[in-house]
Amino acid sequence: MRHAGPRQSAMGSACSDSCGHTATPPLDCGMGNTNGRSRPATVATVATSTTGATTATAATQTGTATTSTSTAVTAVAVAAEPAGPRQDCPICYASATDVEPLPHKSAAGNIASHRACRKCREELVKRNAPCPWCRTEMVWQTVFGVLDGLKGATRGYRDGQHDELANLMAMWQEYEMCRTKSDITLFAREMATDPAVVARLEGALATSSGWLRDSCGLWIRFYALYADGETELSTADGERLRRAVDAAIESFERDHGGHPDFVGAMYQQAAVAVLSASFSGLSTRTTAALARRVGEAALRVFRRHYGAQPRSAAQVRERLNRDYAEAVSDMVWGSDVGGDPIMKTFFAS
């Protein structure tokens, strides 16, 4: 069954959680329409839809307060900077070296005095509380929404929901572009060890589900964080992610979706995983190696099933943005003799 794919998403100002990364649009994560040839975030221009209108990312999860919490979430929100001068915490009045400004999602006026020590910040996170002085929403409240939304989507989508599964990577990459390295690695661990997500992965692995193929970008990104030593996981959790990536690529070669646009979508998701790692300043070693595997599989599927069909390369391009392919070309294909085969096969003209 051919999938229509979500439309090209864009964000032309600050990230949705006011992280301060401005004018950086999220990437099209594998199944967005790219007829308008929007540029990726590597060139920091605003993506547009095929009608030329700037569109908003559908995956943004904002303003959602939840009461759930976890050790990883608490660690992210209260991660301490190197010890500073001793100050009195304005909440508990204890003298401490870890009194820091509270991370407001947005703020008006002078909030310099809206500070707390680490212990008080931990309590605020546990209650998912706003600023105790101005009642402004805190960054961690948006974090809860993104994490819970991504977990819920990962657990809930089924085979055949191609667009929805591709949007899982859209949700993650927007989050990654707007967070610190410690946030990214800790939340990847939270996702990879969530009991319900683990059960969904194990079920997909046991049944060779196409669900893994359509969400492959997410598992590539999480496995790469583990393989490159950036996220601490148990051997069992890391091995599960590796098997998920292998199964996704094998599923694609076995059941390629029946239309050339799946070829473009598959490589696009891998490319987005590479670019997400690059933007956040984390290692691209494993994401690039896996993107190369995906690219080689995509070329085999295309040549075996679609190469002789008229317009098949054009149909691949409907789901593979040229600018994204170019942006990862050196990282994925390096100085290979003969150059980048993806660019040569689908964008030679």
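Start by selecting helix α13, residues 322–333, in this predicted model. Its buried residues are Asp 323, Tyr 324, Ala 325, Val 328, Ser 329, Val 332 and Trp 333. To see what covers these buried residues, add α10 (261–279), α11 (285–306) and α14 (341–346), which are among the covering elements.

Now look at the two ends of α13. Asn 321 caps the N-terminal end, with a side-chain oxygen 2.7 Å from the backbone nitrogen of Asp 323. Just after the helix, select Gly 334, which takes a positive phi of about 60°.

Next, colour the nonpolar cores. The largest contains 61 residues. Select Trp 172, Leu 212, Trp 219, Val 263, Tyr 267 and Phe 346 to show the residues with the most contacts inside this core. A second core, separate from that one, has 11 residues, including Cys 89, Val 99, Cys 120 and Ala 129.

Stay with the cysteines. How many disulfides does a search of the whole structure find? The search returns 0. Select Cys 117: the nearest cysteine sulfur belongs to Cys 120 and is 3.7 Å away, and Cys 117 is in no disulfide. Cys 117 is buried, at 5% relative accessibility.

Move to Cys 131 and display the distance from its sulfur to that of Cys 134. This is the closest cysteine sulfur to Cys 131, yet at 3.6 Å it is too far for a bond, because a disulfide requires the two sulfur atoms to be within 2.5 Å. Cys 131 is buried too, with a relative accessible area of 0%.

Go on to helix α7, residues 210–214, and select Arg 213. Is this side chain's residue buried or exposed? Arg 213 is buried, with a relative accessible area of 6%. Which backbone oxygen lies 2.6 Å from a polar atom of the Arg 213 side chain? That oxygen belongs to Asp 255. The side chain of Arg 213 also meets that of Asp 214 in a salt bridge, with an N to O distance of 2.9 Å. Asp 214 is buried, as is Arg 213.

That pair leads to the other salt bridges, of which a search of the whole structure finds 15. Side chains of opposite charge can pair when their charged atoms come close.

Select Glu 239 and Arg 242, whose side chains form a salt bridge of 2.4 Å, N to O. Both lie in helix α9 (residues 235–254), and because they are 3 residues apart, about one helical turn separates them. In an α-helix there are 3.6 residues a turn, so residues three or four places apart point the same way. Glu 239 is partly exposed at 33% relative accessibility, and Arg 242 is partly exposed at 28%.

Then follow α9 to Glu 253 and add Arg 300. Their side chains meet in a salt bridge at 2.6 Å, N to O. Glu 253 lies in α9 and Arg 300 in α11, so this pair ties together parts that are 47 residues apart in sequence. Glu 253 has a relative accessible area of 23% and is partly exposed; Arg 300, at 37%, is partly exposed as well.

For the last stop, select Glu 202, Asp 237, Arg 240 and Arg 243 together. Salt bridges that share partners join these four residues into one network.

Terms used
Residues numbered from 1 in each chain as written. Predicted model: local features only at pLDDT ≥ 70, side-chain atom pairs only at ≥ 80, totals over all residues. Heavy atoms only, no water. Helix = DSSP H or I, 4+ residues; strand = E, 2+ residues; numbered from the N terminus. Buried < 20%, exposed > 50% of the residue type's maximum accessible area, 1.4 Å probe, protein only. Polar contact = N/O pair within 3.5 Å; in protein donor to acceptor, adjacent residues only side chain to side chain. Core = buried A, V, L, I, M, F, W, Y, C linked by side-chain atoms within 4.5 Å. Contact = heavy atoms within 4.5 Å.
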